[in-house]
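Trainee: I've got the model open and some of the labels puzzle me. Can we go through them one at a time?

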Amino acid sequence: MYFSAKNLTGGYGGVNIIEECSFEVNQGEIVSILGPNGAGKSTAMKAMLGILDLKEGEVILDGKNITKLKTQDRIKSGISFVPQTNNIFTELTVQENLEMGAFLTDGDISARIREMYDLFPIMNEKQDQLAGELSGGQRQQVALARALMTNPKVLMLDEPTAGVSPVVMDEIFEHILNIKKQNIAVLMVEQNARQALDISDRGYILVTGRNAYEGSGDYLLNDDEIRKSFLGG
Amino acid sequence: MRNNLDIKLAFGGMALLLVMVGFMQSWGVALAILNLCLISAVMSMGVNIQWGYSGLINFGVMGFLAIGGFATIIVSVPPVTEAWSAGGFGIILSGLILFILIASIFFVHQKFQSKYKNYLLFFLVISVIPIMKLVAGPSISAIESIDAATSGFLGGFDLPIILSWFVGAFFAAIIAFVIGKVCLGLRSDYLAISTLLISGIIVSYVKHEEWLTRGVKNVTGLKRPAPFEVDLQNSDWFVNFIEYLFKGRLSKVTDFDEKIILLNDLVMTSSSIFVKLCFSLIFSIVLITLLVFSEKALRSPWGRMMRAIRDNEDAAKAMGKNVVKRHLHIFMIGSAIIGFSGAMLVTYDGLFTPASYQPLRYTFIIWVMVLLGGTGNNYGAIIGAFVVWFIWIESAPFALFVINTLMSGIDNTNQLKMHLIDSIPYFRYLMMGLGLLVVMRYRPKGLLPEKIIKN
Amino acid sequence: MDFLNAIVLLTNYIIVPALTYGSQLALGAIGVTLIYGVLRFANFAYGDLMAFATMVVILTTWYLQSLGITFGLLPTAILALPVGILATIILSLFFDKTVFKYYRDKKSEPVILIVVSIGVMFILNAIVRIIIGPGDVIFMDGARFIMKAGEFKKMTGLNEGIALKSTQVITFITTIVTCSILFYFLNKTKTGKSMRAYSNNEDLALLSGIDPTKIIIYTWVIVSILATIAGSLYGLDKSFKPLSYWNNLLPIFAATIVGGIGNPLGAFYGGFVIAFTEIGLTYAYKKFLVYLLPEQLEPSSLVQYISTDYKFAISFAILVVVLIYRPNGIFKGKVI
């Protein structure tokens with residue numbers, strides 16, 4: 001597997017929120033991490049990014065053990081992250097957001113920026129508009145584009161469709177599918193379990209900080225138990 | 001109850017230091033330090049009530065002190081009858097018109113319904129100044145021209161000066177009400193800046209309205225709640241008392257003329273010490289009363305509620321407590337205490353000098369006292385006041401001592417040495433800054449941190 | 001109706017002084033707002049930082065003058081600016097490392113940082129007064145006037161004249177140039193944009209790989225440059241007196257908040273808003289109206305809204321009003 005996390009155990013202060021969690025995702029795959037509120041999904045993602053200190057566990061990227069790396073270094077190694085909130089620079093223009101996304105890249109990024117505008121066409125007209133003035137769905141697009149500027153190999157998304165309307169949610173999932181087509185490994189935490197599984201190759205379901213179920217998207221969607229417990233029947 | 005040992009140690013230490021000063025320098029200096037400490041202790045208790053009980057940052061201390069000082073003159077100075085007859089009526093009339101204007105502003109603000117409301121409000125507010133100028137102007141000029149050199153103002157009501165302390169508290173509370181209504185909703189650092197700037201406006205007013213305060217011409221020769229040195233020196237009972245006290249020393253001098261000179265010296269120094277002691281007594285009574293009330297209030301149900309609000313405002317709001325109103329009460333009470341102390345200070349100095357109210361000296365030094373002593377508790381505020389004042393006054397002789405020791409070999413006419421000695425008054429600011437930084441870093445809760453009060 | 005004289009009067013007594021004063025406030029306000037936006041605290045030591053910077057410039061100026069070096073028509077102090085800037089940068093970084101960094105890392109409450117900046121303020125204040133004394137220092141040299149009122153009157157034949165001090169022109173031009181460079185830096189360069197990004201959303205900036213240490217250094221460097229220029233220009237124009245720098249901090253705070261705290265462009269405009277309001281409201285318009293109105297309507301009083309004694313009070317009043325009704329500033333700014 002291109003990216004894997006094994007036996008993640010950790011939390012805030014003395015209390016462990018996640019225990020022995022494991023995930024893996026390959027390039028060109030969309031993998032969802034689902035589960036009820038408080039299951040530890042976001043915590044697990046933060047642990048994989050190095051924002052949270054781990055008591056135990058390891059994170060492997062393309063064969064390299066990156067567990068000891070700081071967040072910034074993991075980003076330099078090819079991981080990108082879109083947080084759930086505050087995921088754009090509201091006071092910078094759309095164009096500037098993209099430029100900041102590629103901050104660590106030297107050299108000419110105009111080609112990459114054009115690629116982003118192709119991927120997210122709406123942003124074309126909004127290039128010089130302050131990102132904070134955009135609608136919720138458009139902001140999420142900017143957030144995604146910003147994260148993609150570094151040509152990441154792994155893209156991690158924390159609840160990308162939180163708080164948006166169903167129409168916008170569909171749009172966002174469309175965009176994520178397009179991202180998958182670029183051979184990027186997409187790992188996403190989601191609350192809208194059913195729609196997420198619809199576009200996912202595989203999924204993990206966390207319950208109280210532990211891996212409870214895993215399997216292909218279809219399998220998880222169609223299993224009666226799981227559907228009743230987690231997908232709202 | 002907090003750990004009594006801490007407090008006893010702290011106060012004991014202070015007492016020891018003062019005694020040392022008394023022996024090594026003079027009792028006059030020691031008592032001067034004590035009195036200023038007592039006054040500042042009241043100031044810092046006022047600030048501490050706002051900061052410690054409610055988490056309110058009041059950087060407008062200087063303004064409330066000025067109000068207190070203003071109260072002393074308006075209460076205790078005899079009225080200048082000529083000025084009153086020249087412009088008194090006009091001033092009273094203007095006051096009424098001002099009151100009507102402000103009332104109408106409030107009315108429009110609360111009750112007016114119209115899309116032009118804000119414009120009307122704006123127009124009303126900016127018109128206050130020209131209207132006042134028009135209405136009060138002639139009276140003001142009349143008053144200021146009466147005996148401008150020695151008077152030039154309305155004077156006061158010729159009442160005992162201690163009454164002015166309470167009047168000062170009252171005025172300060174009213175101003176605090178207005179400021180509080182306007183500013184208390186603001187975030188903490190904005191509140192700090194607003195109060196700082198409003199105090200600037202208050203001091204500007206006190207400095208420039210000469211018809212009311214004499215402005216920068218100052219008011220001197222204020223009354224006292226203690227005897228004047230001159231009166232003591234001229235009263236028989238005092239001289240006899242001193243003669244009795246120093247019987248031993250006087251009997252050692254055989255020459256009659258020398259004896260008289262020695263007696264005079266003793267009477268002079270003793271009179272100054274006696275006066276200072278009188279003040280110390282009065283100030284101590286004030287401080288102790290304040291302390292007793294505050295500690296009682298802290299332990300009362302009201303105090304518990306205030307601490308609950310401070311520690312978790314959202315929870316308190318959820319429980320239905322009117323946080324805004326409580327904050328306003330605290331702000332008013334704290335400011336009243338500060339105003340009270342402002343009057344005390346002017347009384348002690350015997351003169352009212354509006355130009356002396358600077359933020360560095362009157363607002364921020366007090367804050368250093370509160371932070372150094374221990375935020376959130378009254379004993380800490382008192383200790384902080386003592387420590388800061390002690391350092392403030394003693395840093396000058398201390399700096400001189402250090403300079404002289406370090407440069408003992410060097411001639412007294414050396415440029416550098418002279419320059420350093422000239423700069424001694426500023427060393428205390430340096431020490432204040434360093435002290436504050438050290439305390440905030442290594443003992444951020446202050447010298448006497450607040451202990452959790454178990455109920 | 002004497003239009004021309006009226007306009008010249010206004011130019012001389014309001015427009016020229018307000019542009020100068022506004023420039024001084026603008027430079028100061030941008031510095032304060034940058035510190036607030038990036039370093040996230042209201043720096044009460046800023047006035048004394050300007051005083052320190054100016055002090056170094058003065059000492060260097062004296063040194064240069066003693067060597068016989070001058071700058072012709074321009075004040076020698078301009079040559080001394082780089083030294084002042086360097087010294088101030090070193091000092092700022094020193095205090096950041098020894099004082100502010102600790103609390104920033106701890107994510108302390110804004111209050112604590114204000115208090116600590118007050119400690120630094122006391123220290124700087126003392127240092128400046130110990131080194132150079134508390135009194136007035138005048139270090140202006142070179143040509144004092146670009147145009148004297150009398151010359152203007154002769155040239156135009158008008159009743160009223162315009163006096164242009166060289167410091168006024170230098171102040172205004174320097175401010176425009178400095179601010180243009182600064183805004184170009186902030187808006188068109190990668191580093192500048194990264195500063196704005198960091199100020200806007202620290203976590204996301206870190207996630208983007210922006211190095212906070214570098215941002216902080218850049219900020220202090222820029223702030224030090226602004227403080228040195230602002231302080232020196234003010235000292236050249238009026239005189240150098242340590243306590244007056246502290247007093248000037250208050251209208252600077254007012255300008256910062258009016259412009260929207262954290263918003264450098266707003267701070268720039270805010271400086272001029274405060275300056276024009278202060279000067280405009282304390283000017284006696286009698287003569288102006290006399291030029292404009294027919295004789296019967298001529299006013300007899302001074303027609304001065306409020307006396308110049310209350311100059312500071314005006315900016316404070318503006319500030320308090322802004323804080324209550326538009327705490328984000330008149331121009332679009334942000335509240336952290």
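Mentor: Sure, and let's begin with confidence: pLDDT is the predictor's confidence in each residue, from 0 to 100. We need that because this is a predicted model.

Trainee: So what is the mean pLDDT of chain B, and what share of its residues reach 70 or more?

Mentor: Chain B has a mean pLDDT of 84, with 97% of its residues at 70 or more. For chain C the mean is 88, and 98% of its residues get to 70 or more. As for the whole model, ipTM is 0.87 and pTM is 0.87.

Trainee: Which elements of chain B have the lowest and the highest mean pLDDT?

Mentor: Helix α14 (residues 313-318) of chain B is lowest at 71, while helix α3 (residues 61-76) of chain B is highest at 93. Where pLDDT is low, predicted coordinates shouldn't be read in detail.

Trainee: Next, Tyr285(C). Why does Tyr285(C) count as buried?

Mentor: Count C-beta neighbours inside 10 Å: Tyr285(C) has 20. The cut-off for buried is 20 or more, so Tyr285(C) counts as buried.

Trainee: And where is Tyr285(C) found?

Mentor: In chain C, in the loop between α11 (264-282) and α12 (286-292). If you want a distance to check, Tyr285(C) and Ser232(C) are 53 residues apart in sequence and 32 Å apart in space, C-alpha to C-alpha.

Trainee: On to the chains. How do you know that chain A and chain B do not touch?

Mentor: Their nearest C-alpha atoms are 21 Å apart. A contact takes C-beta atoms within 7 Å, and chain A and chain B have no such contact.

Trainee: Which chains share the most contacts, then?

Mentor: Two pairs of chains are in contact, and chains B and C share the most. That contact takes 32 residues from chain B and 35 residues from chain C. On the chain B side, α5 (117-145), α7 (188-208), α16 (359-373) and α19 (424-442) each supply at least two residues. The largest share there, twelve residues, is from α7(B).

Trainee: What makes up that side of chain B by class?

Mentor: There are 23 nonpolar, seven polar and two charged residues on the side of chain B that touches chain C.

Trainee: How many residues does chain A put in contact with chain C?

Mentor: Chain A puts 16 residues in contact with 14 residues of chain C. Two elements of chain A, α2 (71-76) and α3 (94-101), give two or more residues to that side, and α3(A) has the largest share with four. By class, this side of chain A splits into seven nonpolar, five polar and four charged residues.

Trainee: What is the largest nonpolar core, and which residues have the most contacts inside it?

Mentor: The largest core has 290 residues, and Val186(A) and Val42(B) have the most contacts inside it. Helix α1 (residues 3-39) of chain C gives the largest share of this core, 17 residues. Beyond its neighbours within four places in sequence, Val186(A) is in contact with residues including Ile30(A), Leu155(A), Leu157(A) and Ile179(A). Another core of ten residues lies apart from the largest one, with Ile91(B), Ile140(B), Phe153(B) and Leu154(B) among them.

Trainee: There's a sheet in chain A too. Why are β2 and β5 of chain A called edge strands?

Mentor: The sheet is open, with four strands in the order β2-β1-β4-β5 and antiparallel pairing. β2 (15-25) and β5 (64-65) of chain A each pair on one side only, and that makes them the edges.

Trainee: How do you know that β4(A) and β5(A) pair?

Mentor: Pairing needs at least two bridges. Strand β4 (residues 54-61) of chain A is joined to β5(A) by two bridges, and the strands run antiparallel. Across this pair, Leu61(A) stands opposite Lys64(A) in β5(A).

Trainee: Last one: how is chain B divided into domains?

Mentor: The assignment gives domain 1 (32-79 + 155-442) and domain 2 (80-154) of chain B. Their centres, taken over C-alpha atoms, are separated by 32 Å. Eight residues of domain 1 of chain B are in contact with ten residues of domain 2 of chain B.

Terms used:
Residues numbered from 1 in each chain as written. Chains lettered and ligands numbered in written order. Predicted model: local features only at pLDDT ≥ 70, side-chain atom pairs only at ≥ 80, totals over all residues. Buried ≥ 20, exposed ≤ 12 C-beta atoms within 10 Å, placed from the backbone. Nonpolar A, V, L, I, M, F, W, Y, C, P; charged D, E, K, R; others polar. Core = buried A, V, L, I, M, F, W, Y, C linked by C-beta atoms within 7 Å. Domains from an automatic or database assignment.
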